[in-house]
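Subject: Structure handover

Hello,

Here is the structure we talked about handing over. Please open it alongside this note.

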Amino acid sequence: MPGKRSKRNNFQFHCPSCNSKMWRLGSPKHYLFYQGATEIQRNVDMPRKSALFLANKGVYIDNKSWIEEFFCRKHGKLWIKVTHKTNSKLATTLATSNDWQQSTRTIDPDTPNPSVGEFTYRMSRQTGRKLSYS
């Protein structure tokens with residue numbers, strides 16, 4: 001039967017550095033949030049009056065911008081900020097530390113977990129060494 005296939009757009013993501021194809025790794029989407037009216041207006045591209053209204057309600061979670069984990073053959077695992085534009089296109093950029101601070105349910109990947117001891121943290125970074133059992 002014709003026309004029974006999905007009409008959903010199958011987006012292909014490309015690496016911002018080398019422009020080769022990237023694959024989604026199935027990580028959850030970490031949506032971005034904004035707090036002030038100027039921040040909402042700048043990042044969401046909306047009029048000042050609407051931004052003031054949303055800022056008075058509290059924190060605004062933008063469901064059109066998120067951070068997600070991808071895989072590139074050349075660069076390995078990458079965290080990419082994906083933004084859904086108004087013309088149904090997806091724009092991708094590398095996630096910055098500022099994006100991580102404005103994302104939901106995440107911690108900054110550049111800062112180590114304070115509940116992990118120094119020895120454990122050091123040992124977890126030595127992935128190249130092999131353990132020998134005597």
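Below is what was found, from the overall fold down to single residues.

Please keep in mind that this is a predicted model.

Overall fold

The protein has four helices and six strands. Their order along the sequence is β-β-β-α-α-β-β-β-α-α. The chain has 134 residues, and 24% of them count as buried. Take the contacts with a separation of 6 or more: 52% of them join residues 24 or more positions apart. The accessible surface is about 10,500 Å². Carbon and sulfur atoms account for 51% of that surface.

Cysteines

How many disulfides does the structure hold? Zero. Look at Cys-18 and Cys-72. The closest cysteine sulfur to that of Cys-18 belongs to Cys-72, at 3.6 Å, and this is too far for a bond. The cut-off for a disulfide is 2.5 Å between the sulfur atoms, so Cys-72 is in no disulfide either, with the sulfur of Cys-18 as its nearest at 3.6 Å. Are the two residues buried or exposed? Cys-72 is buried, with a relative accessible area of 0%. Cys-18 counts as partly exposed, at 25% relative accessibility.

Largest pocket

The largest pocket has a volume of about 370 Å³. Its lining is made up of 16 residues. Nearest the centre of the pocket lie Asn-43, Val-44, Asp-45, Thr-83 and His-84. Which elements supply at least two lining residues each? They are helix H1 (37–44), strand S4 (60–72) and strand S5 (76–84). Strand S4 gives the most, with five residues. By type, the lining divides into four nonpolar, six polar and six charged residues.

Ser-65

Ser-65 lies in strand S4. At 3% relative accessibility, Ser-65 counts as buried, because the limit for buried is under 20%. Which residues does Ser-65 touch, beyond those up to four places away in sequence? They are Tyr-31, Leu-32, Tyr-34, Val-82 and Thr-83. Phe-33 is 32 residues from Ser-65 along the chain, and the C-alpha atoms of the two are separated by 8.8 Å. Thr-83 in that contact list also lies among the residues nearest the centre of the largest pocket.

Gln-102

Where is Gln-102? Its place is in the loop between helix H3 (97–101) and helix H4 (118–124). Gln-102 is buried, with a relative accessible area of 13%. Leaving aside neighbours within four places in sequence, Gln-102 is in contact with Tyr-31, Leu-32, Phe-33, Tyr-34 and Glu-39. Tyr-31, Leu-32 and Tyr-34 also appear among the contacts of Ser-65.

Lys-21

Lys-21 is found in strand S2 (residues 21–24). Lys-21 counts as partly exposed, at 39% relative accessibility. Beyond its neighbours within four places in sequence, Lys-21 is in contact with Gln-12, Phe-13, His-14 and Phe-71. Phe-71 is 50 residues away from Lys-21 along the chain. Even so, Lys-21 and Phe-71 are in contact, with 8.8 Å between their C-alpha atoms.

Where to look

Three places to open in the viewer are the sulfur atoms of Cys-18 and Cys-72, 3.6 Å apart, the largest pocket around Asn-43, Val-44, Asp-45, Thr-83 and His-84, and the contacts of Gln-102 with Tyr-31, Leu-32, Phe-33, Tyr-34 and Glu-39.

Best wishes

Conventions:
Residues are numbered from 1 along each chain as its sequence is written. This is a predicted model: local features need pLDDT of at least 70, side-chain atom pairs count only at pLDDT 80 or more; totals for chains, interfaces and linings use all residues. Side-chain values use heavy atoms; hydrogens and water are left out. Buried means under 20% relative accessible area, exposed over 50%, partly exposed in between (1.4 Å probe, protein chains only). Contact means heavy atoms within 4.5 Å. Accessible areas come from the Shrake-Rupley method with a 1.4 Å probe; for residues, only the protein chains shown count as cover. On a 1 Å grid over the protein atoms alone, a cavity is a set of points where a 1.4 Å probe fits but cannot get out, and a pocket is an open set with protein on both sides within 12 Å along at least five of seven lines; lining residues have an atom within 4 Å of a point. Grid points are joined across faces, edges and corners, and a volume is the space filled by probe spheres set on the points. Ala, Val, Leu, Ile, Met, Phe, Trp, Tyr, Cys and Pro count as nonpolar, Asp, Glu, Lys and Arg as charged, and the others, Gly among them, as polar.
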